[in-house]
Amino acid sequence: MTSFLQDVIADLQKKDVDFSQLIFVLPSKRAGLFLTHSLSKALKKTIFVPEIISIEEFVENLSELKYATNTELLFDFYGVYSNVIPKEQLEPFDKFSKWAQILLQDFNEIDRYLIEPENIFEYLKAIKELNHWSLSENQTDATKNYISFWSYIQTFYFKFKDCLTERKKGYQGLVYREAVEGVEHYVANNPNKRHVFVGFNALNKAEEIIIQELLQQELAYIYWDIDETFIKNPIHDAGLFMRNHKATWSYFEKHPFNWTNTHYQSQKNIEVVGIPKNIGQVKYIGELLDKLHTKQTGLENTAIVLGDETLLLPLLNSIPAEIDAINITMGLPLKSIPLATLFEELFLIHKNDRKNEFYYKDVVSILSHQFVKPLFQTETVNYSDEIINHILKNNIVYVSLHKLEELCGVKKHIISFLFESWDNLPEKAIKQCSELIIAIKNNLSIQKDRNLLELEYLYRFNEIFNELNQLNLAHHHINNIQVLLSLYKELLKNETLDFKGEPLQGLQIMGMLESRVLDFETVIISSVNEGILPAGKSNNSFIPYDVKIENGLPTYKEKDAVYTYHFYRLLQRAKNVYILYNTEPDVLNGGEKSRFITQLEIEKLHDINHYMVAPIVPPISPSLKVVKKTDDVLQKIKSVAEKGFSPSSLTNYIRNPIDFYYEKILGIKRYEEIEETVADNTLGTIIHETLEEFYKPVVGQILTEKHIIEMKSFIDTTVEKFFKAHYKEGTINKGKNLIIFEIAKRYVNNFLNKELESIQAGNSIKILALEQEVKTEIRIAAIDFPITIKGNVDRIDEFNGTKRIIDYKTGKVEQHKVEVVDWEAILTDYDKYSKSFQVLTYAYILNAMEAFSSPIEAGIISFKNLQGDYFLKFAKKDKSGRGAQKEFAISSEILTAFETQLVVLISEICNPEIDFVEKLLD
């Protein structure tokens with residue numbers, strides 16, 4: 001394959017030009033490296049390298065202005081805006097910057113296309129006045145301000161232009177306008193310089209005039225790269241601009257139009273592949289590269305062109321490991337680097353300043369950040385872990401700066417960088433961020449296995465904060481943290497971390513614009529979807545569509561035509577083309593299959609192999625976890641059995657044996673999270689302990705009205721005491737926690753009222769025990785080691801002479817869940833029988849400790865529905881099922897029936913032949 005650049009060099013050699021005296025002007029800087037490489041191969045004698053520059057650099061030289069950065073332009077523009085607009089109508093910088101960027105883009109377009117600004121701005125003002133009934137006498141202040149804004153735009157333009165030119169600075173359009181005015185002077189002063197314009201397509205008016213002037217003065221050559229298929233077809237967008245140049249430039253009336261070619265019509269292997277989702281595309285590219293790398297000795301003539309440049313990182317992670325020679329033209333956006341999230345989190349916590357109090361999740365996120373955590377490391381301890389553990393252990397939802405400093409030991413200065421209040425002062429914020437960068441850099445520098453890439457990250461972020469500081473010192477427009485944050489994001493959005501590589505070797509990865517002038521034999525283009533390639537309609541302008549048409553400004557149609565040309569030019573000399581598109585488009589990631597694909601299929605110049613691929617998803621059949629009872633597991637079961645099975649551990653086994661294995665055999669505990677609102681189990685513990693404290697003094701006594709009335713007087717203080725004991729440093733004086741605090745008091749009060757009503761009705765209630773620990777051994781013939789059953793009974797009392805075992809529940813209890821109808825189901829139906837199993841276990845243990853002289857009752861008191869007494873009911877032996885007659889008394893027969901099931905359950909747990917098998921839960 002002969003590339004376009006090689007053709008250009010060959011033609012210039014035929015003209016016998018002195019290459020060292022030429023100035024090559026290219027669409028992009030990247031193309032210059034390939035041109036230099038092509039020159040070194042084509043020229044047989046040693047020469048000085050000709051000057052090779054981009055069109056932007058060439059125009060900058062003509063204008064004698066320097067390009068200002070986008071941020072500089074915003075600051076300068078705000079200065080002009082502040083001097084023009086009345087003070088009462090001034091907007092803060094962060095709000096101004098949102099619409100100012102759009103207006104700057106319009107200024108840019110007006111100047112690049114050499115439009116008289118008065119025509120546009122007067123027309124815009126007239127349109128807005130007409131739309132808002134400017135002659136109406138009933139205009140609101142908002143309407144008046146809105147219309148007056150449009151009258152100011154012309155003033156903005158001229159004053160901003162004067163401001164920039166005085167400082168020899170300019171935005172792109174202004175630089176181009178000034179360059180047009182300086183082209184005659186340039187020609188007069190450089191009569192012997194020859195310019196070669198290579199590979200251009202869409203030119204703005206300023207570029208057209210500059211190039212045509214140099215062509216007319218015979219100081220330039222120009223080489224186009226267009227296939228005759230596109231230029232001869234009057235409606236093909238790939239040739240839109242070329243047809244116009246050829247038809248309207250007077251230079252081509254006497255000179256040939258170099259060149260039109262027929263490369264596109266040559267035989268090609270074109271595959272169009274539909275792939276679900278963006279990540280599917282990059283994974284498929286990885287598979288494709290693997291195949292290509294196997295077939296070819298190298299990938300020097302292969303390019304990946306990313307339509308959606310955000311796919312760079314996932315693409316790099318999908319490239320086969322054996323492909324080591326890669327050149328990446330695109331930069332990695334700084335916003336994608338982990339360090340970016342650290343500073344954004346810092347901005348957010350200081351923007352929402354709570355007077356040196358910080359939400360625990362923000363603190364944990366910052367302290368556990370990969371760049372921050374190493375700063376807290378000492379020889380013996382990492383204070384970051386210590387602080388996080390203290391926050392979790394003490395349930396601190398909002399942690400103070402004082403507490404952080406108290407916990408951080410010798411690392412107090414690091415806490416200052418991170419959490420000391422910025423006082424809404426941008427200068428202080430920038431200073432502390434810069435100090436943090438230096439601290440991270442110093443820490444990385446002393447590490448033996450330091451990551452040089454991380455040091456590069458720090459360097460680039462240090463540049464950003466230095467730029468912010470310089471801009472603030474020069475203009476003083478950053479007056480609060482919110483403005484600083486918006487500027488930080490703006491800078492971050494446009495900054496990239498450039499990759500270093502060998503630009504002329506290996507696989508080439510680039511965006512669509514970087515592909516200009518370059519040719520590859522194998523091309524892989526991703527994200528060829530509407531909204532990406534081409535970009536489609538966009539209203540990012542104050543100038544209406546019809547006004548743009550009237551004044552010759554580019555619209556979305558011309559912008560789409562630019563990408564149409566780039567797309568088809570990539571295909572011209574390529575032999576193997578892979579065009580990938582997302583079959584599952586959405587609003588954020590582009591639309592349906594691109595019109596480019598449809599156009600290729602309709603043209604029928606090439607045989608298109610169009611197919612769909614999908615990830616290979618292995619069939620996943622839901623398999624239940626099974627754990628064999630090895631000798632180690634059996635030894636652990638024996639240890640647990642000797643310590644004692646509790647009712648909750650046994651019901652946990654009934655619910656799901658694998659959960660029992662995790663908790664009791666492996667000792668895995670649930671992760672304790674911060675309770676931002678009081679959890680149900682915490683509420684239950686508080687109510688249990690409150691009632692225990694109330695009833696302890698009357699154990700062994702018959703309750704009286706006086707007892708209950710006295711207890712009620714201490715509800716508030718006692719509940720609050722136990723809230724503080726269990727909810728640690730969590731707050732209970734506002735929000736949901738205040739509601740839960742009041743609910744806890746209400747539960748206790750309602751329970752005591754019920755006790756009081758029962759006493760007043762003539763019932764005798766005697767408290768026998770509270771929170772009593774009970775346990776007993778059970779002997780099972782098939783098991784050769786002792787089994788202990790243990791538990792903690794909330795309350796044992798006598799009600800009118802009948803002994804009762806009572807378990808407190810803060811949740812809702814339903815009557816049918818404390819009725820035992822089918823004894824065998826008690827080991828299988830967790831949902832229905834778990835509560836019955838628990839209180840029956842207590843009854844069984846108590847009877848084993850001291851045999852009941854008479855039948856007892858056992859049940860649950862539910863604080864959520866106190867209107868009922870939920871005591872166990874049992875179906876009589878001769879009946880079963882719904883509607884069977886029930887009885888409350890727990891007799892020896894009942895306990896024997898329960899013991900039978902208990903033995904079955906424990907035997908199963910201890911049986912080495914029965915594995916722990918997971919249950920599928922609803």
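## Seven-stranded sheet

In this predicted model, seven strands build an open sheet with parallel pairing. Their order is β11-β16-β10-β17-β18-β9-β19. The edges belong to β11 (326–328) and β19 (608–612). Each has a single partner strand, so one side of each lacks a neighbour in the sheet. From one strand to the next, the twist averages 15°.

At the β11 edge, the partner is β16 (residues 507–511). The two strands pair in the parallel sense over three bridges. Within this pairing, Ile-328 stands opposite Ile-509 in β16.

## Four-stranded sheet and its helices

Another open sheet has four strands, in the order β2-β1-β5-β6. Its pairing is parallel. Here the edge strands are β2 (51–54) and β6 (220–223), and each pairs on one side only. Neighbouring strands are turned by 20° against each other on average, with direction ignored.

Strand β1 (residues 22–26) is joined to β2 by four bridges in the parallel sense. Glu-51 in β2 is the bridge partner of Ile-23. Helix α3 (residues 55–63) packs on this sheet. Helix α3 touches β1, β2 and β5 (194–198), and its direction makes about 95° with that of β2. Helix α9 (residues 205–216) lies across β5 and β6. Its direction runs at about 125° to β6.

## Strands β22, β23 and β25

Strand β23 (residues 802–809) pairs with two strands named here, in opposite senses. With β22 (residues 787–799) the pairing is antiparallel, over five bridges. With β25 (residues 857–862) the pairing is parallel, over six bridges.

Which residues does Arg-804 of β23 face in these two pairings? On the β22 side, Asp-797 stands opposite Arg-804. In β25, the bridge partner of Arg-804 is Glu-857. The hairpin of β22 and β23 has two residues between the strands. In that hairpin, Asn-800 takes a positive phi near 50°.

## Helix α8

Helix α8 covers residues 172–189. How does its span compare with the expected value? At 1.5 Å a residue, its 18 residues should span 26 Å. The end C-alpha atoms are 24 Å apart, which agrees. Helix α8 also has a kink of about 45°, centred on Gly-182.

Gly-182 is itself among the buried residues of α8. An unbroken buried run goes from Gly-173 through Leu-174, Val-175, Tyr-176, Arg-177, Glu-178 and Ala-179 to Val-180. Further along, Val-183, Tyr-186 and Val-187 are buried too. The charged side chains Arg-177 and Glu-178 are thus listed with nonpolar residues such as Leu-174 and Val-175.

## Nonpolar cores

The largest nonpolar core has 215 residues. Those with the most contacts inside it are Phe-107, Phe-156, Phe-419, Tyr-488 and Tyr-695. Helix α31 (residues 735–760) gives the most to this core, with nine residues. A second, separate core has 58 residues. Among them are Ala-641, Leu-846, Phe-874 and Ile-909.

What does Phe-419 touch, leaving out residues up to four places away in sequence? Its contacts include Ile-349, Phe-358, Val-363, Ile-366, Leu-367, Leu-401 and Leu-404. Phe-419 also touches His-350 and Asn-356.

Note on methods: Residues numbered from 1 in each chain as written. Predicted model: local features only at pLDDT ≥ 70, side-chain atom pairs only at ≥ 80, totals over all residues. Heavy atoms only, no water. Core = buried A, V, L, I, M, F, W, Y, C linked by side-chain atoms within 4.5 Å. Buried < 20%, exposed > 50% of the residue type's maximum accessible area, 1.4 Å probe, protein only. Contact = heavy atoms within 4.5 Å. Expected span 1.5 Å × (residues − 1). Bend = angle between axes of the 7 residues up to and from the residue. Pairing = 2+ DSSP bridges. Axes fitted to C-alpha atoms, helices over the stretch in contact; angles between N-to-C directions.
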